[in-house]
Amino acid sequence: MTSGNGFNTRAVHAGQAPDPTTGAVIPPLYQTTTFAQDGIGQLRNGYEYGRGTNPTRDSLQAQLAALEGAEHAFSFSSGLAAEDALIRAALRPGDHIVLGNDAYGGTYRLINRVLGDWGITNSAVDMSDLDAVEKAVASGNTRMVWVETPSNPMMKITDIAAIAGVAKQAGAVLVVDNTFATPYLQQPLSFGADVVVHSTTKYIGGHSDASGGAVVLNDAELAEKIGFIQFAVGAVSAPMEAWLTTRGLKTLGVRMDRHSSNALAIAQWLTTREEVEQVYYPGLADHPGHELAARQMRGFGGMISVSFKGGEQAARTVAESTELFTLAESLGGIESLMNYPSEMTHASVKGTELAVPENLVRLSVGIEDVEDLIEDLDKAFARL
Ligand SMILES: *Cc1c(COP(=O)(O)O)cnc(C)c1O
């Protein structure tokens with residue numbers, strides 16, 4: 001890129017130069033698994049075989065690196081594939097991970113059960129409690145600290161810079177799962193994090209039509225190891241998925257502004273309702289992480305959790321009664337989604353210390369007209 005360094009300018013232009021052959025303004029989708037060689041081992045621009053490299057994936061990776069302000073980005077077929085590659089590249093059997101006690105259920109399952117079998121141990125702590133984190137990393141073999149902020153689904157805010165200090169002192173790599181905030185709202189590397197991971201399936205893709213994950217970082221040595229695992233294991237993003245994700249990423253800033261303003265309006269409306277026990281949204285002034293979020297983030301995002309006085313039954317009724325909010329797993333698309341974490345996204349942590357309250361629903365607020373979304377919720381509340 002020659003000029004213009006604002007976020008939205010980078011989103012539209014980084015890795016997106018017009019096609020040199022035809023001048024196509026949008027870089028083409030290279031739906032190919034292999035590349036012609038001009039002689040044995042004479043590659044054109046280094047392209048050889050799709051699992052190794054593909055120009056469409058390269059353009060997504062350049063865009064992701066530019067948006068997180070990083071040197072290196074690797075894209076994968078899912079968020080969990082990205083996490084798995086990162087952990088296997090950075091750690092060895094016997095190493096210990098400290099992660100938040102309300103981490104994404106699939107991340108906990110990966111670390112606890114899949115990588116547990118490989119010899120990784122873990123402890124789950126409240127990341128907003130700095131003393132608890134210090135105690136947990138003091139065990140000696142902690143090599144990684146894993147933070148999600150805002151967290152899922154309890155919307156806790158963690159002080160990235162403070163945790164970075166603790167991790168550094170222990171010689172541990174600080175990983176921030178930036179899926180909820182996205183690089184538009186929050187730049188973890190600028191607060192001292194070593195690595196950012198994403199489920200690009202969510203806000204980055206933004207349209208609920210392409211699965212993917214990413215690892216973004218500056219450390220060249222670790223980047224080389226991740227690149228090797230990406231190539232040797234092959235959980236890469238397919239060309240079509242990479243192309244769709246690239247397209248989604250161009251409008252990330254515009255979408256996040258709208259997700260954030262819609263979510264704030266809905267969170268404020270929820271606080272006025274007597275059926276509601278508590279609203280978990282960092283944009284509300286009485287949220288315990290509000291001031292920290294205001295310092296660390298550009299906006300508060302599109303995710304809200306809400307608990308009901310009527311307990312599990314009330315939460316289930318609301319979750320099953322909306323029309324515009326679709327009852328479904330996942331989040332971060334342009335359409336509004338409703339989730340009952342205890343039986344859906346977080347079913348895998350039921351009965352563990354990461355279990356979520358049964359009177360809680362989670363909203364992924366889309367970009368529809370907010371009056372329509374509130375009317376939809378109002379109708380569902382009328383059934384309580
Ligand atoms: C969805 C999600 C993941 C896992 O990503 P997949 O693309 O589903 O593999 C990880 N972290 C968070 C915060 C998520 O929401």
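**Exercise 1. The shell around the ligand**

Task: Sort the residues of the shell around the ligand in this predicted model by class, and find which helix gives the most to that shell.

Solution: Start with the classes. The shell divides into 3 nonpolar, 6 polar and 4 charged residues. Next, put names to some of its members. The ligand is surrounded by 13 residues, and the closest are Gly79, Asp177, Ser199, Thr201 and Lys202. Finally, turn to secondary structure: helix H3, which spans residues 79-90, gives the most to the shell, with 3 residues.

**Exercise 2. Polar contacts and cover**

Task: Work out which polar atoms of Leu80, Asp177 and Lys202 pair with the ligand, and at what distance.

Solution: A pair of N or O atoms counts as a polar contact within 3.5 Å, so let us go through the three residues with that cut-off in mind.

- Step 1: Leu80 uses a polar backbone atom, which is 2.9 Å from an oxygen atom of the ligand.
- Step 2: Asp177 brings a polar side-chain atom to 2.7 Å from a nitrogen atom of the ligand.
- Step 3: Lys202 has an N or O atom in its side chain that is 2.8 Å from an oxygen atom of the ligand.

Now for the cover. On its own, the ligand has 380 Å² of accessible area, and the protein covers 91% of it.

**Exercise 3. Two pockets**

Task: In which pocket does the ligand sit, and what lines that pocket?

Solution: First, locate the ligand: the second largest pocket is where it sits. That pocket holds about 360 Å³ of space. Then look at the lining. There are 25 lining residues, with Tyr104, Ser199, Thr201, Lys202 and Ser330 nearest the pocket's centre. Ser199, Thr201 and Lys202 are also among the residues closest to the ligand.

Next, ask which elements take part. At least two lining residues come from each of H3 and strand S6 (195-199), and H3 gives the most, with 3 residues. By class, the lining of the second largest pocket has 7 nonpolar, 11 polar and 7 charged residues.

For the other pocket, repeat the steps. The largest pocket has a volume of about 450 Å³. It is lined by 19 residues, and Asp19, Tyr30, Asn45, Tyr47 and Pro55 are the closest to its centre. Its lining splits into 10 nonpolar, 6 polar and 3 charged residues.

**Exercise 4. The enclosed space**

Task: How many cavities of 30 Å³ or more does the model have, and which residues lie nearest the centre of the largest cavity?

Solution: Begin with the idea behind the search. Rolling a probe the size of a water molecule over the atoms shows where empty space is left. The count comes to 1 cavity of 30 Å³ or more. About 90 Å³ of space lies in the largest cavity. Of its 14 lining residues, Gly100, Asp102, Met127, Glu148 and Ser151 lie nearest the centre.

Strand S4, residues 142-148, gives the most to this lining, with 3 residues. The classes come out as 5 nonpolar, 5 polar and 4 charged.

**Exercise 5. Unusual backbone angles**

Task: Where are the cis peptide bonds that precede Pro150 and Pro153, and which helix holds Thr182?

Solution: Take the prolines in turn. Thr149 and Pro150 are joined by a cis peptide bond with omega of about -5°. Asn152 and Pro153 are likewise joined by a cis peptide bond, here with omega of about 5°. Now place them: Pro150 is in the loop between S4 and helix H6 (160-170), and Pro153 lies in the loop between S4 and H6 too.

Last comes Thr182. Its phi is positive, about 70°, although Thr182 is not a glycine. Thr182 belongs to helix H7, residues 182-185.

How values were computed: Residues are numbered from 1 along each chain as its sequence is written. This is a predicted model: local features need pLDDT of at least 70, side-chain atom pairs count only at pLDDT 80 or more; totals for chains, interfaces and linings use all residues. Side-chain values use heavy atoms; hydrogens and water are left out. A residue is near a molecule or strand if one of its heavy atoms lies within 4 Å of it. A polar contact is a pair of N or O atoms within 3.5 Å; within protein, one must be able to donate a hydrogen and the other to accept it, and residues adjacent in sequence count only if both atoms are side-chain atoms. Accessible areas come from the Shrake-Rupley method with a 1.4 Å probe; for residues, only the protein chains shown count as cover. On a 1 Å grid over the protein atoms alone, a cavity is a set of points where a 1.4 Å probe fits but cannot get out, and a pocket is an open set with protein on both sides within 12 Å along at least five of seven lines; lining residues have an atom within 4 Å of a point. A molecule sits in a cavity or pocket if more than half of its atoms lie within 2 Å of its grid points. Helices (H or I, at least four residues) and strands (E, at least two) are DSSP runs, numbered from the N terminus. Ala, Val, Leu, Ile, Met, Phe, Trp, Tyr, Cys and Pro count as nonpolar, Asp, Glu, Lys and Arg as charged, and the others, Gly among them, as polar. Grid points are joined across faces, edges and corners, and a volume is the space filled by probe spheres set on the points.
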